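I am opening a notebook page on this structure and will write down what I look up, entry by entry. The sequence and the coordinates come first.

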Amino acid sequence: MAQAPVLIGTRGSALALTQTTTVAETLAELGSFEVELVRVKTEGDVNRAALSQIGGTGVFVAALRESLLRGDCDVAVHSLKDLPTAEANGLTIGAVPARVDVRDALCARDSLTLAELPAGATVGTGSPRRAAQLRAARPDLEIVDIRGNVDTRLARVAGLVEGGPGDLDAVVLAAAGLSRLGRLDMVSEFLDPAVMLPAPGQGALAVECRTTDAADGPLSRALAAYDDTASRLAVTAERALLYRLEAGCTAPIGALARMTEKGMAMEAVVCSDDGTRVLRRYSSTSQADEDGARALGVRMAEELLAAGAAELTELAS
Ligand SMILES: NCc1[nH]cc(CCC(=O)O)c1CC(=O)O
């Protein structure tokens with residue numbers, strides 16, 4: 001008798017579908033089983049209000065998780081930076097595939113770089129983290145709050161997409177998303193993390209499954225083979241920092257960890273929303289395992305809190 005296919009849950013956006021298709025194909029090959037995509041609508045897709053108004057973290061994630069717990073799908077594919085840091089009961093991250101480009105990308109009219117944008121130029125982003133770091137780097141720019149999928153945002157830039165409103169000079173998007181959508185040609189500058197530290201988890205995916213399925217069986221073996229240790233450790237450190245700061249994906253916080261010859265290193269930033277105050281820290285550990293990664297994140301969060309992070313922005317702590 002043929003095995004039932006492994007059901008792969010996904011959001012319906014173009015970005016989600018490309019990400020999920022790649023994951024599904026890789027898992028099918030690693031596990032020698034059939035897969036089938038299951039589309040799930042999430043609050044983040046349905047509700048057009050500003051993300052900050054929908055409130056709470058995980059608007060893109062909750063429906064996928066419910067679908068996993070109900071058994072409507074067996075794995076769910078998320079952008080890791082959209083995944084709340086709190087543990088979900090009965091679910092676990094079965095695999096963190098190799099992370100791609102972590103940087104944010106400026107997509108500006110006339111191929112302008114951040115330094116070349118004229119004073120007063122309008123730059124669209126819905127992310128308080130991007131807005132604050134843009135303001136810190138270029139206080140003379142006008143930051144415009146925008147939402148929508150990647151194509152909608154690109155269409156806001158003058159001359160970039162034919163037929164778009166073209167009412168802005170630039171937008172900032174994750175290079176990873178643009179790459180997955182085949183839109184890297186829209187990028188005028190990949191922003192150096194020294195200027196724009198990415199969101200914790202940016203550029204990485206999380207393949208979530210039921211904890212009971214992670215223990216053994218063909219799916220668990222395929223997930224284990226798909227997992228990339230360096231990427232998992234880096235995002236573990238970044239998410240531990242976010243968790244300790246009691247902040248969600250809409251807080252003006254950036255973090256980027258990486259493996260080094262001596263272990264792991266991480267840079268983190270907490271900004272005031274207006275970008276006038278920026279706390280930036282660098283730290284490292286020789287303990288390059290899950291516990292070491294978590295400890296690095298927690299220690300840096302505590303250093304940032306001691307330096308006044310909670311007074312810069314609305315952290316729950
Ligand atoms: N919040 C939306 C979102 N979630 C993940 C990505 C891009 C892909 C990634 O960072 O892994 C994006 C779009 C963007 O920020 O430009």
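How do the residues of the shell around the ligand divide into nonpolar, polar and charged? I note before answering that this is a predicted model, and I then count 3 nonpolar, 4 polar and 2 charged residues in that shell.

Entry on the ligand shell. I looked up which residues surround the ligand and found Ser79, Lys81, Asp82, Leu173, Ala174, Ala176, Gly177, Gln202 and Gly203. When I sorted these by element, the ones that contribute two or more residues to the shell were strand β8 (170-174) and helix α7 (175-180). I also asked where the ligand sits relative to the domains: domain 1 (6-97 + 204-227) and domain 2 (104-190) both give residues to its shell, so the ligand lies between them.

Entry on the domains. I wrote down the division of the chain as domain 1 (6-97 + 204-227), domain 2 (104-190) and domain 3 (239-312). For domain 1 and domain 3, I noted that their C-alpha centres are 25 Å apart.

Entry on the five-stranded sheet. I followed the pairing through an open sheet of 5 strands, in the order β7-β6-β8-β5-β9, and recorded the pairing as mixed. The edge positions are taken by β7 and β9 (189-190), each of which has a single partner strand, so one side of each is left without a neighbour in the sheet.

I then looked at two of the pairings in this sheet individually. Strand β6 (residues 122-125) runs parallel to strand β7 (residues 142-145), with 4 bridges between them, and the chain passes from β6 to β7 by way of helix α5 (residues 128-137) in a β-α-β crossover that is right-handed. As a single point of reference in this pair, I marked valine 123, whose bridge partner in β7 is isoleucine 143. Strand β5 (residues 104-108), by contrast, is antiparallel to β8 and is joined to it by 5 bridges; here I marked leucine 106, whose bridge partner in β8 is valine 172.

Entry on strand β10. Which strands are joined to β10 by bridges, and in what sense do they run? I found strand β3 (residues 75-79), antiparallel to β10 over 5 bridges, and strand β4 (residues 91-95), also antiparallel to β10, over 4 bridges. Valine 77 is placed opposite valine 207 of β10, and threonine 92 is placed opposite cysteine 209 of β10.

I next checked the burial of this strand, and because 5 of the 6 residues of β10 are buried, I describe the strand as largely enclosed by the rest of the structure. Leucine 205 belongs to β10 (residues 205-210), and I count leucine 205 as buried because 28 C-beta neighbours lie inside 10 Å, where 20 or more are required. I also compared leucine 205 with leucine 69: the two are 136 residues apart in sequence, and their C-alpha atoms are 20 Å apart in space.

Entry on cysteine 249. The UniProt annotation, from an unreviewed entry, gives Cys249 as "modified residue: S-(dipyrrolylmethanemethyl)cysteine". I located cysteine 249 in the loop between α10 (229-244) and β11 (253-260). Is this loop residue buried or exposed? I record cysteine 249 as buried, because 24 other C-beta atoms lie within 10 Å.

Definitions and conventions:
Residues are numbered from 1 along each chain as its sequence is written. This is a predicted model: local features need pLDDT of at least 70, side-chain atom pairs count only at pLDDT 80 or more; totals for chains, interfaces and linings use all residues. UniProt positions are given in the numbering used here, feature names are shortened, and annotations may be inferred rather than shown by experiment. A residue is buried if 20 or more other C-beta atoms lie within 10 Å of its own, exposed if 12 or fewer, and partly exposed in between; C-beta atoms are placed from the backbone. A residue is near a molecule or strand if its C-beta atom, placed from the backbone, lies within 6 Å of it. Ala, Val, Leu, Ile, Met, Phe, Trp, Tyr, Cys and Pro count as nonpolar, Asp, Glu, Lys and Arg as charged, and the others, Gly among them, as polar. Domain bounds come from an automatic or database domain assignment. Two strands pair if DSSP finds at least two bridges between them. A crossover is right-handed if, with the strands pointing away from the viewer, the path from the first strand over the helix to the second runs clockwise.
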